[in-house]
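This report walks through selected local features of one protein model. Please keep the sequence and the 3D view at hand while reading.

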Amino acid sequence: MAPRLIVLGWDSATFDVVDPLLEAGRLPNLARLIERGARGPLASTWPPMTDCAWTSAFTGRNPGAHGIFGSWYRAPGAYECRYFSSRDRRAATAWEMAADLRWLVWNVPMTYPPTSIEGVMVAGYGAPPGSRFCRPETFQDTLAQRWPLEDLLDRAPHTSLEQFYVDLMRGLEAQAEALPFAAREAGADCVIAVWPHVDRAQHFFWKFRGTDHPLAGAVENVYEAMDRATGAVIDAFPEADAIVMSDHGAGALHGDVNVGSFLVSSGHAAYSAGKRNVLADLAWALPPAIRRTAKRIAPGAARRAMGAALVKQLGPFDWPRTRAFVGVNGDLWLNLKGREPDGNVSEEDAPGLVDELTAALGGLRDPERGMPVFASVYRRDELYSGAALDLAPDLMLDSWSAGYRVAVKRDPSTDIVGPPTSLAGVREPWSSEHRPTGVLVAAGPHISQSGIGAATLYDIAPTMLALLAQPVATGSDGRVLTELLDPTFLRDHPVAQRDVAPRSAAAAYSDEEAAAVAAHLQDLGYIE
């Protein structure tokens, strides 16, 4: 049995890079899909970050409904962060909604820890090192007999950027072979795979584009490798409908914005006089290989060091004197009485403070470029709705559209806006950051060539289910992209709906699991 639908995620792909490569004939497989199908922009979610975006794509719900606002996010009711996982997701995914179908779910973010499905789940994205990330569990051993597992997982620049590039290219070669194999082993009706390689390349290699650096062509070369992998999968199952998509786009990173320092300078927060945790700082500064060795030799000390870093992630603030603080992914919070441990903002004062912060942050500019660093400042109810609304921030700062990043560091700084900083785990600053518009390409026997209207990530799950002749969940935040479906297929398989029960959030990661995942995120440059 061959798959009826293949969904390939080119994490962070942007038409800004894709289109010149198409014109140069360097993406022949994507060009073939476009020629016999349709293409268009795909609006991301807020924040346009990998974990919440892919979760939105495959649930059809906004983060206020599914509960994933990022992999690394502030812990509810605490001035610290924790790692969110598949256990925290509150909405059903496409593979949980469909009946009588078999699936291959391959490295989709926020699927670890893996769950049993009809078919095979490979939940390697975000899996702690050394973990068992497949269901059935023995499928991990099947893969390991044929390919080095590190080539099938997310990669971090543990050594040099040159070696990182080699690792990314080798990984895509391996996955071009592994994915068709896994689809056949699973007997999958639908294949969903996410490849993070373009995202990693853009974060670290964007600055070399157009230069004479040896890595000047690295970003484009990784796109080409992704295209080859796509061709290998599509050619293996030529009768399947195919969707190629990204969760968000990408562009140049102009600088970091120290929102913590801004809040202090504007009188909305105060720094604590407490001392930095030297143990934590030293632990995070160690190279990844040494950190792994330290964990084996002294696991208790390693957990304490990493745990201390989790607590300090929101910044060194004097919480009783702080009226607003920033989370991890552009999320801004009021220090509300009754909600926060040391809350001091009353419900009556909250609307006025929101107005004040919105105006102040919206006017913040980069002194070097003279440009705003936030394209928009959104209020909670402008973006979010659903059962997980309690996890949503009071304000969401859109730095992505402007080409800036909310700095991971919140320590005192003379410059609120500065150049991108390198973090301890990678020692290399990012030169690219996400943008809120990704790519969507579709082709196949049941795909129309009439084009794609305004599409969002929330439309992906309903459209997938419709292509599989399955009912679509009522209450979805998206729609079936009917203009994308062949009229004859749509006539023979009219869109139906059914109620889908919400999913209950389960236990969070243990301290040891959280520390392991935090170390991996720090190696990638996502946290300090």
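## Selected local features

Trp-103 is found in strand β5, which covers residues 103-106; helices (H or I, at least four residues) and strands (E, at least two) are DSSP runs, numbered from the N terminus. The model is a predicted one, in which local features need pLDDT of at least 70 and side-chain atom pairs count only at pLDDT 80 or more, while totals for chains, interfaces and linings use all residues. Residues are numbered from 1 along each chain as its sequence is written, and side-chain values use heavy atoms, with hydrogens and water left out.

With a relative accessible area of 1%, Trp-103 is buried, where buried means under 20% relative accessible area, exposed over 50%, and partly exposed in between (1.4 Å probe, protein chains only). Trp-103 lies 16 residues from Gly-119 in sequence, and their C-alpha atoms are 4.8 Å apart in space.

Helix α9, residues 218-236, contains Asp-227. Of the 19 residues of α9, 14 are buried, so the helix is mostly covered. The end C-alpha atoms of α9 are 27 Å apart, in agreement with the 27 Å that its 19 residues should span at 1.5 Å a residue; the expected span is 1.5 Å times one less than the number of residues. Asp-227 is buried yet has no salt bridge, and the nearest side chain of opposite charge, Arg-228, is 7.1 Å away. A salt bridge here is a side-chain nitrogen of Lys or Arg within 4 Å of a carboxyl oxygen of Asp or Glu, and Lys and Arg count as positive, Asp and Glu as negative, with His and the chain ends not counted. Leaving aside neighbours within four places in sequence, Asp-227 is in contact (heavy atoms within 4.5 Å) with residues including Trp-10, Arg-26 and Leu-27.

Backbone geometry comes next. Most residues other than glycine have a negative phi, and most peptide bonds are trans. The exceptions described here are tabulated below.

| Feature | Value | Place |
|---|---|---|
| Cis peptide bond, Tyr-112 to Pro-113 | omega about -5° | Pro-113: loop between β5 and β6 |
| Cis peptide bond, Arg-135 to Pro-136 | omega near 0° | Pro-136: loop between β7 and α6 |
| Positive phi, Asn-107 | about 55° | loop between β5 and β6 |
| Positive phi, Ala-469 | near 60° | loop between α16 and β21 |

Asn-107 is buried, with a relative accessible area of 4%, whereas Ala-469, at 41% relative accessibility, counts as partly exposed.
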